[in-house]
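Colleague: Could you take a close look at one part of this model for me, namely the salt bridges? I would like to know which residues pair up and where they sit.

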Amino acid sequence: MDAAGVDAVFVSDDREANTAVKIPERVLRRDQARLEEVERRRNVKESQTVTEENSDIFMSTFNAEKAALDEMVSSCDHGDRDKALKTLEEATVKIQQLQKFLNDSIMFLTQYKLRQAQASMQELQSSLAERREAFLPKKKFAFRSKNTSKQPAMNREPTKKSVSDVGGTVVVDASIPVDQCGFSNVDNQVLIKQAEEIQQQDVLLSHLTNCKVRLYGCPSTLHIKNVRNCEILCGPVSSSVFVDQCSDSILVFPCQQLRTHNTTATQIYLHVTSRAIVEDCHGVRFAPFTWTYPGIHDHFKVSGLDPDRNNWTLVDDFNWLAAGTPSPNWTVIPETERMSNWDSVGPASQES
């Protein structure tokens, strides 16, 4: 049976009408589909061209700014300490602006160019930290008693208190290598770092059990390794947060990118401007970031993160490649179960 179609009338040169010919509907549909596909490909090509142009403009601008910052940092002269410190402060502001430029450009960068830019930012931040360290007074060094160092962490007398007593719990600055900001090898403690202690450094939290951690500042990166039954709240992280071997914990932070490995039964209250990645994880639950403290808005500016852009639901599971089917390894925390009020375990410094 012929499908319904459209009558077409052919007219010869002498203007006499010939017999009408019916064009099948399926032919018309096929021709329409062909035209739509041509239009779609044209739009895709135009979009790719715009993206490539934006990417090229970004890399050109980014590399020029990085070169200028490299020269600014390296030009600091030991002969004029005050001038050098002022130059380093100016470089800090410019690096923060460059980080924001990178964060705002992620959407049209390829993974390769993104990794290149992130590596360049890390080099800049490391160079800045090294130069700043060279102009700051050296810390005094003292030997520790061997007997004291052999005591268990719970029985050891704390060498420094951030807050003397909060709700009956001693808040200590846990022992960690001199050149590393963070806490390690601590059980059943409340641990606090203020903004002036963090200052865009890489922060490491490792081998913590039954601890509450508050980081009232802006780290460059945050590493969370081998933690169990902990509650960790952190201010805006300029680049990435790396989580590994975490269980039965609650993590709360804003960042540019999150990478989570070998983690189970953990809640993550997240603000992320690019994407979150999970791998070899089970029972991870996500909700939007809800913590606040005095000075957090300034710390968002320092970090270069956009407080109005949060992609907390964009989670890539590297162990789940079934398109169109949700990963069973992570879920969204229902609104009725989300936490919005966090226990105050110690005040944030008013300095930033």
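Modeller: Happy to; here is a walk through the salt bridges, with some words on the whole chain at the end.

A note on the basis: this is a predicted model, in which local features need pLDDT of at least 70 and side-chain atom pairs count only at pLDDT 80 or more, while totals for chains, interfaces and linings use all residues. Residues are numbered from 1 along each chain as its sequence is written, and side-chain values use heavy atoms, with hydrogens and water left out.

A salt bridge here is a side-chain nitrogen of Lys or Arg within 4 Å of a carboxyl oxygen of Asp or Glu. By that rule the count is six salt bridges. One of them pairs Asp-56 with Lys-113, with 3.4 Å between the closest N and O atoms. This pair links distant parts of the chain, since Asp-56 belongs to helix α1 (residues 25-74) and Lys-113, 57 residues away, to helix α3 (residues 111-135). Helices (H or I, at least four residues) and strands (E, at least two) are DSSP runs, numbered from the N terminus.

How open are these side chains? For the terms: buried means under 20% relative accessible area, exposed over 50%, and partly exposed in between (1.4 Å probe, protein chains only). Asp-56 is partly exposed at 47%, and Lys-113 is partly exposed at 21%.

Helices α1 and α3 appear again in the next pair. Lys-66 forms a salt bridge with Glu-123, the closest N and O atoms lying 3.8 Å apart. Lys-66 is in helix α1 and Glu-123 in helix α3, again 57 residues apart. Lys-66 is buried, with a relative accessible area of 13%.

Another pair is Glu-337 with Arg-285, where the closest N and O atoms are 2.8 Å apart. Glu-337 lies in the segment after β18 (330-332) and Arg-285 in strand β16 (residues 282-288), so this salt bridge ties together parts 52 residues apart in sequence. Glu-337 is partly exposed at 45% relative accessibility, and Arg-285 is partly exposed at 24%. Returning to Lys-66 and Glu-123, salt bridges with shared partners join these two and Asp-70 into one network.

For the wider setting, the chain has six helices and 18 strands, and 39% of its 352 residues count as buried. Taking a contact as heavy atoms within 4.5 Å, residues 24 or more positions apart account for 40% of the contacts in the chain with a separation of 6 or more.
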